[in-house]
Amino acid sequence: MRSKPLLNLPLFTSFPAFFLAFFLTFFLALTTITASAQTISISDTVLKMPLAEDVSMDDAVDSMKLRANALNFKLVAELPLSKELEAMGVESGRIGIYQFCDARIANEMLQFNPDFAAYLPCRIALIEDTDGKAWLVTLDLGKIIPGANLPPELMEKAELVRDNIESIMTAGANGDL
């Protein structure tokens, strides 16, 4: 006596065809996800400004601090990474990370979505590349904000933060005291 399929549905009567269809669908989905992930490079996610030729790195830091103060952004941390590397016997150009924050806006963002903690505080790195050229680098908030699904009042504040961070960087890059 011949056994009957458990369910009399075309899907289950032809298991090899089902498996092949499932595998092809999975493979196409995975290929699409992988292809879209590969289109984003790290340089697409940052805002990078060179220091003007006549601006020293110390002047850039002073200018960023002054502009942040004028915008009511607090310098909440300063990490002299190159000094740490030097203490470990590792040669590097200058690397400093400066973290700025408007605590009220940060709190509102966290109340809306705790995931914003990953972006706090706003960081600007001052780096000296292998050619001795100084750069200011930060996360490009202009690319992050549109996908945040913020209500209008928070969107306005997020854009203010973006504009202020860019203003702080511009002041540093130009040595505006």
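Helices, taken as H or I runs of at least four residues, and strands, taken as E runs of at least two, are DSSP runs numbered from the N terminus. The model examined in these exercises is a predicted one.

**Exercise 1. Establish where Asn149 and Asn72 lie in the chain, and decide whether each is buried or exposed.**

Step 1. With elements numbered in this way, Asn149 falls in the loop between helix H6 (141–144) and H7, and Asn72 falls in the loop between H3 and strand S2 (74–79).

Step 2. The cut-off for exposed is a relative accessible area over 50%. Asn149 counts as exposed because its relative accessibility is 65%, and Asn72, at 56%, counts as exposed as well.

Step 3. The backbone adds a further feature, since Asn149 has a positive phi of about 50° although it is not a glycine, while Asn72, also not a glycine, has a positive phi of about 65°.

**Exercise 2. Describe the order of helices and strands along the chain.**

Step 1. The chain contains seven helices and five strands, and along the sequence they follow the pattern α-α-β-α-β-α-β-α-β-β-α-α.

Step 2. Among contacts with a separation of 6 or more, 68% are between residues 24 or more positions apart. Of the 177 residues, 27% count as buried.

**Exercise 3. Determine which residues of helix H5 are buried, and on which side of the helix they lie.**

Step 1. In H5 (residues 103–112), the buried residues are Ile105, Ala106 and Met109. They span an arc of only 100° around the axis, and therefore lie on the same side of H5.

Step 2. An α-helix has 3.6 residues a turn, so residues three or four places apart point the same way.

Step 3. The other side of H5 carries the exposed residues Ala103, Arg104 and Gln111, whereas the cover over the buried residues includes strand S3 (95–101) and helix H7 (152–174).

Step 4. At the start of H5, the backbone nitrogen of Arg104 has a side-chain oxygen of Asp102 within 3.1 Å.

**Exercise 4. Identify the elements that supply the largest nonpolar core, and trace the part played by H7.**

Step 1. The largest nonpolar core has 30 residues, and Leu51, Phe100, Ile124, Leu126, Leu136, Ile165 and Ile168 are those with the most contacts inside it.

Step 2. At least two residues of this core come from each of helix H3 (57–70), S3, H5, strand S4 (122–128), strand S5 (134–139) and H7; H7 gives the most, with seven residues.

Step 3. Leaving aside residues up to four places away in sequence, Ile165 touches Phe73, Phe100, Cys122, Ile124 and Thr138.

Step 4. H7 also packs with H3, at an angle of about 145° and with the axes 7 Å apart, in a right-handed crossing. In this packing, Ala60, Ser63, Met64, Arg67 and Ala68 of H3 meet Ser167, Ile168, Ala171 and Gly172 of H7.

**Exercise 5. Characterise the surroundings of Ser82 and the peptide bond between Leu120 and Pro121.**

Step 1. Ser82 is placed in helix H4 (residues 81–87). Because the cut-off for buried is under 20%, Ser82 counts as buried with its relative accessible area of 16%.

Step 2. Residues up to four places away in sequence being left out, Ser82 touches Ser92, Gly93, Arg94 and Ile95.

Step 3. Leu120 and Pro121 are joined by a cis peptide bond, with omega about -20°, and Pro121 is located in the loop between H5 and S4.

Methods: Residues numbered from 1 in each chain as written. Predicted model: local features only at pLDDT ≥ 70, side-chain atom pairs only at ≥ 80, totals over all residues. Heavy atoms only, no water. Buried < 20%, exposed > 50% of the residue type's maximum accessible area, 1.4 Å probe, protein only. Arc of directions from axis to C-beta. Contact = heavy atoms within 4.5 Å. Polar contact = N/O pair within 3.5 Å; in protein donor to acceptor, adjacent residues only side chain to side chain. Core = buried A, V, L, I, M, F, W, Y, C linked by side-chain atoms within 4.5 Å. Axes fitted to C-alpha atoms, helices over the stretch in contact; angles between N-to-C directions. Left-handed = near helix turned anticlockwise from the far one by under 90°.
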